[in-house]
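Please find below a colleague's note, intended to be read alongside the sequence and the coordinates. Comments are set out as numbered points.

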Amino acid sequence: MAAASAQPVELGFAEVAPAWRLRSEHFPSKVGGRPAWLGGAGLPGPEALGCARCGRPLAFLLQVYAPLPERPDAFHRGLFLFCCREPPCCAGLRVFRNQLPRKNEFYSYDPPPENSSSETESVCLQLKSGAHLCRVCGCLGPKACSRCQNTYYCSKEHQTLDWRLGHKQLCTKPDHLNHTVPDHNFLFPEFEIVTETENEILPEAVEKEDDYEVIGSMDEGLEEELDFMAKHESREEYIFQKFKTQIALEPQQILRYGRGIKPLWISGENIPQEKDIPDCRCGSKRIFEFQVMPQLLNYLKADRLGKSVDWGVLAVFTCAESCSLGTGYTEEFVWKQDITDTS
Amino acid sequence: MADDSGAAGGPGGRGQSPISGRGRGCGRGQCGGLGARGGKANYKVWIPVTKLGRLVKDMKIKSLEESYLLSLPIRESEIINFFLGASLKDEVLKIMPVKKQTRAGKQTRFKTFVTIGNYNGHFGLGVKCSKEVATAIRGAIILAKLSIVPVRRGYWGNKMGKPHTVPCKVTGYCGSVLVRLCPAPGGTGIVSAPVPKKLLLRAARGCTATLGHFAKAIFDAISKTYSSLILALWKETVFTKPPYQEFTGHLVKTHMRVSVQRTQAPTVATT
């Protein structure tokens, strides 16, 4: 993608939307709830969706529908971000990319209708391709309940969770699939992501402090003392203030999208270098695609006094060629930048 | 790029422009255009960016002191506004122009010192340099808020009324300078040089100080009011009973003195 730096930034905002608009056939960009899978084949399995640190299943965080206009094989393209929300881990993150050409076996050639089809309100637990989805988290569910053989889970943790929350009573009843799925307190609240272009602002000159020659006839001693004891802007604070100025125009933004642009970092520490970003399996480099802002955590309502899901900025890097390794889900790279090192 | 072709359901369908979705606010209806944005009105509402900010906004943290207990650094000045907001008064101590020589001539910027305090136990000091005075003052106020420390006050003599002075003699060091703050009877006021006097006035009334131009030592001393451990703060030691006293009943029953139990020699246990 040439001339990437001249590209305007798309800002994403979270909004409440009716459930039908967040289904797969409408190609949504959404936060929380169950993932609205794009391609129906090659879904990431439970091993791919396990937290790298603690091993427990990751929760779906958000998905972004980001097609590439000049690529026919990426007419539909989605990025799915998962995170670990179990304390004390709260750290594992994974992102997957899937793309489809316009003519594919899952969706029609034409755009979907803009109104709600006569879809039932029940949660879709099985893809058209026949793969079953976990009852708790909506990801691929290869394991089934051993008694009724009718409910599917992705892992033992989710099976125990569902058992305690109602499957124990419903397991033996014949038509329990028609009952509403209980709230397992595992999924994040569901929102739609709507986008707008960022206005080109000229950020107020947030200046650095250099050694300046003091002039003037003030009492020299007083200035020195004041200078010593006053709170000077450290480099951390300078970068943080720059971040705040940049988002001040639209403080509710939760996402900044721009393929190839320079990400807006929130801290001076923990900025990834070239060597920290691994290359794609196809051999090409990974470039920055979008970043998730910390304001999203206001919507997720997952803060606790102890350890909880927290980040400064989540930067997602994807293959520069957007290589198509089959019609499955390829793993990409996500970098988490915290604001401070503490807790 | 963010046209609403998605909303209109054009022939290209959803696979047209990257991430083009609906504009904000017209997600539910069919209206096009970016004008109908619902979120424009509340740009003054503080949306926190840090975890501490979110906890404060949700009222999970009741006071500033609680946030000190959690040892989380305060990065957003809105947090201080939330707790101390109305009672904070700021004062500009000094604005001094500083110059830099460039090829195109001299470049002047203004360096501003601002103190802030709530006249009831908190104060802070910030410095910012900027091309305009107003920007510098604004920036310095933010930094002053971020630098707020609590001040512990105590009594000089009788514990009457509210605490009015430093709790004990505190010393602050800076370089070769040593500053000592001593408690004083009420009514003394602050006896010190103008600069530290302005600072101390922000925090509390009734401290005396040795003469000194070196205010950092004073700041250091004040910060120590909460770090000194005095006798009154010692944790009450809970004395446990000595084992002989605690188990006296058991000892009487089973382990009698040899002189008494001559007849029952086998039962004497070797303790």
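The points below take up confidence, one strand of chain A, and then chain B and one of its helices.

1. The structure is a predicted model, and confidence should therefore be read first. For chain A the mean pLDDT is 80, with 83% of the residues at 70 or more. Among the elements of this chain, strand β10 (residues 255-257) has the highest mean pLDDT, 93, and strand β9 (residues 213-214) has the lowest, 44.

2. Two stretches of chain A call for caution in reading. Over residues 205-218 of chain A the pLDDT is below 50, yet the model gives this stretch 35 contacts beyond near neighbours in sequence. Residues 1-5 of chain A also stay under 50 in pLDDT; for these residues the model has five contacts beyond four places in sequence.

3. How much of strand β8 of chain A is covered? This strand, residues 191-197, is mostly covered, with six of its seven residues buried.

4. The pairing of β8(A) involves strands from earlier in the numbering of chain A, β1 (residues 10-15) and β2 (residues 30-31). Strand β1 of chain A runs antiparallel to β8(A), and six bridges join them; within this pairing, F13(A) has V194(A) as its bridge partner. Strand β2 of chain A also pairs with β8(A) in the antiparallel sense, over two bridges. Here K30(A) is bridged to E192(A) of β8(A).

5. Chain B contains nine helices and seven strands. It has 271 residues, of which 42% count as buried. Its accessible surface is about 15300 Å², and carbon and sulfur atoms account for 59% of that area. When contacts in chain B between residues at least 6 apart in sequence are considered, 45% join residues at least 24 apart.

6. Which residues of helix α4 of chain B are buried? In this helix, residues 77-84, they are S77(B), I79(B), I80(B) and L84(B). Viewed down the axis of α4(B), these buried residues lie within an arc of 150°, so they line one face of the helix. As a general point, an α-helix has 3.6 residues a turn, so residues three or four places apart point the same way.

7. What covers the buried residues of α4(B)? The cover includes three helices of chain B, α2 (51-57), α3 (64-69) and α5 (133-146), together with strand β3 (122-130) of chain B.

Terms used. Residues numbered from 1 in each chain as written. Chains lettered and ligands numbered in written order. Predicted model: local features only at pLDDT ≥ 70, side-chain atom pairs only at ≥ 80, totals over all residues. Heavy atoms only, no water. Buried < 20%, exposed > 50% of the residue type's maximum accessible area, 1.4 Å probe, protein only. Helix = DSSP H or I, 4+ residues; strand = E, 2+ residues; numbered from the N terminus. Pairing = 2+ DSSP bridges. pLDDT = per-residue confidence, 0-100. Contact = heavy atoms within 4.5 Å. Areas by Shrake-Rupley, 256 points an atom, 1.4 Å probe, with all protein chains shown as cover. Arc of directions from axis to C-beta.
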